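Colleague: I've got this model open and I'd like a close look at one part of it. Could you walk me through that part and then whatever it leads to?

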Amino acid sequence: MRGRIRLGVLASGRGSNLQAIIDASRAGRIDAVIGVVISDVADAFALERARTHGIEAVFVDPNLFEAREGFDAAIIDLLRKRDVDLVCLAGFMRLLSPPFVREYPNRIMNIHPALLPAFPGLHVQRKALKHGMKFSGCTVHFVDEGTDTGPIIIQAVVPVLDDDTDESLSARILTHEHQIYPRAIQLFAEGRLEVRGRRVFCQGIPASQQDERRRWGMMNP
Ligand code: GRF
């Protein structure tokens, strides 16, 4: 049997996606353990969540470094020493430098609260509402050197309702984030993700499920 992969989670804020990964790991729903949680914010609640579950939590102060590369090198060093197989960005509010991305090719994932490539960047739920979208959702993708541009692994779609606010739409999307992020991690842990150019193929999806996707166009692997 394949062993459990080791995750390094980078988070800047409340860490609800981190929590979803912790819960999935503890419940045995993913063949992955979190080796370390790293934040660029000293009092990020994500660090607190990690400590509560006995996971190493490290604050790396960006102010100690003159350039982004120095900060990233410190993080890479932490990840290497903990033998991390997959880096998961979970609300990490910094762009990774090219050397960081090159260190973990197709081994860094990010979760984004929109259906990429629509609405990359920040405040995307507000932008989706303002644009008059009828559907929005979330995307788990591999990280490349651009901003929210890497190959897409899983997306989930949610309706945008007439009475939606930023908050209500964000909350609807978030419940799906918490499902698809652990799912993407598990597909990676099972070695089922194959990246060909911009496309990510998931090996071993039963034909019946593929048929469902053809019919509805909204199912994930
Ligand atoms: C999520 O909406 C995620 O998609 C985005 O940042 C937010 C982080 O939320 N990248 P949390 O810290 O995981 O609760």
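Colleague: Let's start with strand β1 (residues 5-10): how many of its residues are buried?

Modeller: Keep in mind that this is a predicted model. In strand β1, five of the six residues are buried, so the strand is mostly covered. Its partner is strand β2 (residues 32-39): the two run parallel and are joined by six bridges. If you want one pair to click on, take Leu10, whose bridge partner in β2 is Ile38.

Right beside Ile38 you'll find Ser39, also in strand β2. Its relative accessibility is 1%, and since buried means under 20%, Ser39 counts as buried. Skip its neighbours within four places in sequence, and Ser39 is in contact with Ala11, Ser12, Ala44, Leu47, Val58, Phe59 and Val60. Asp85, on the other hand, sits 18 Å from Ser39, C-alpha to C-alpha, with their positions 46 residues apart in sequence.

Now for helix α1 (residues 16-26), which brings us back to β1. Nine of the 11 residues of α1 are buried, so the rest of the structure largely encloses this helix. The buried set is Ser16, Asn17, Leu18, Gln19, Ala20, Ile21, Ile22, Ala24 and Ser25. What do they pack against? The list is β1, β2, α2, β4, β5 and α6. After α1 comes Gly28, with a positive phi near 75°.

One of those neighbours, helix α2 (residues 45-52), is worth a stop. The axes of α1 and α2 come within 9 Å and cross at roughly 20°. Angles under 35 degrees count as roughly parallel, and that is why α1 is described as roughly parallel to α2. The crossing of this pair is right-handed. On the α1 side, the contact involves Ser16, Leu18, Gln19 and Ile22, and they meet Ala46, Arg49 and Ala50 of α2. Sorted by type, the residues of that contact come out as four nonpolar, two polar and one charged.

Two other neighbours of α1, β4 and β5, carry us on through the strands. Strand β4 (residues 86-89) runs parallel to β5, with three bridges joining them. Leu89 is the residue to look for here, as it stands opposite Asn110 in β5. Strand β5 (residues 108-112) has five of its five residues buried, so it is largely enclosed by the rest of the structure. You can check that face by face: Ile108, Asn110 and His112 are buried on one side, and Met109 and Ile111 are buried on the other.

From β5 the pairing continues to strand β6 (residues 135-142), this time antiparallel, through four bridges. Ile111 stands opposite Val140 of β6 in that pairing. Strand β6 is mostly covered too, with seven of its eight residues buried. Next comes strand β7 (residues 152-159), which is antiparallel to β6 and joined to it by seven bridges. There, Phe135 has Pro159 of β7 as its bridge partner.

The last neighbour I'd pick out is α6 (residues 166-189), for its packing with helix α5 (residues 124-131): the angle is about 115° and the axes are 9 Å apart. That makes α5 roughly perpendicular to α6. This crossing is right-handed. Gln125, Arg126 and Leu129 of α5 make the contact with Asp166, Leu169, Ser170 and Ile173 of α6. Here the split is three nonpolar, two polar and two charged.

While you have the backbone torsions up, there are some loop spots to look at. As a rule, most residues other than glycine have a negative phi, and most peptide bonds are trans. Asp83, in the loop between α3 (68-81) and β4, has a positive phi of about 55°. Asp83 is exposed, at 56% relative accessible area. Asn106, in the loop between α4 (98-103) and β5, also has a positive phi, near 50°. At 33% relative accessibility, Asn106 counts as partly exposed. Finally, the bond joining Leu116 and Pro117 is a cis peptide, with omega about 10°, and Pro117 lies in the loop between β5 and α5.

How values were computed. Residues numbered from 1 in each chain as written. Predicted model: local features only at pLDDT ≥ 70, side-chain atom pairs only at ≥ 80, totals over all residues. Heavy atoms only, no water. Axes fitted to C-alpha atoms, helices over the stretch in contact; angles between N-to-C directions. Parallel < 35°, antiparallel > 145°, perpendicular 65-115°, else oblique. Left-handed = near helix turned anticlockwise from the far one by under 90°. Contact = heavy atoms within 4.5 Å. Nonpolar A, V, L, I, M, F, W, Y, C, P; charged D, E, K, R; others polar. Buried < 20%, exposed > 50% of the residue type's maximum accessible area, 1.4 Å probe, protein only. Pairing = 2+ DSSP bridges.
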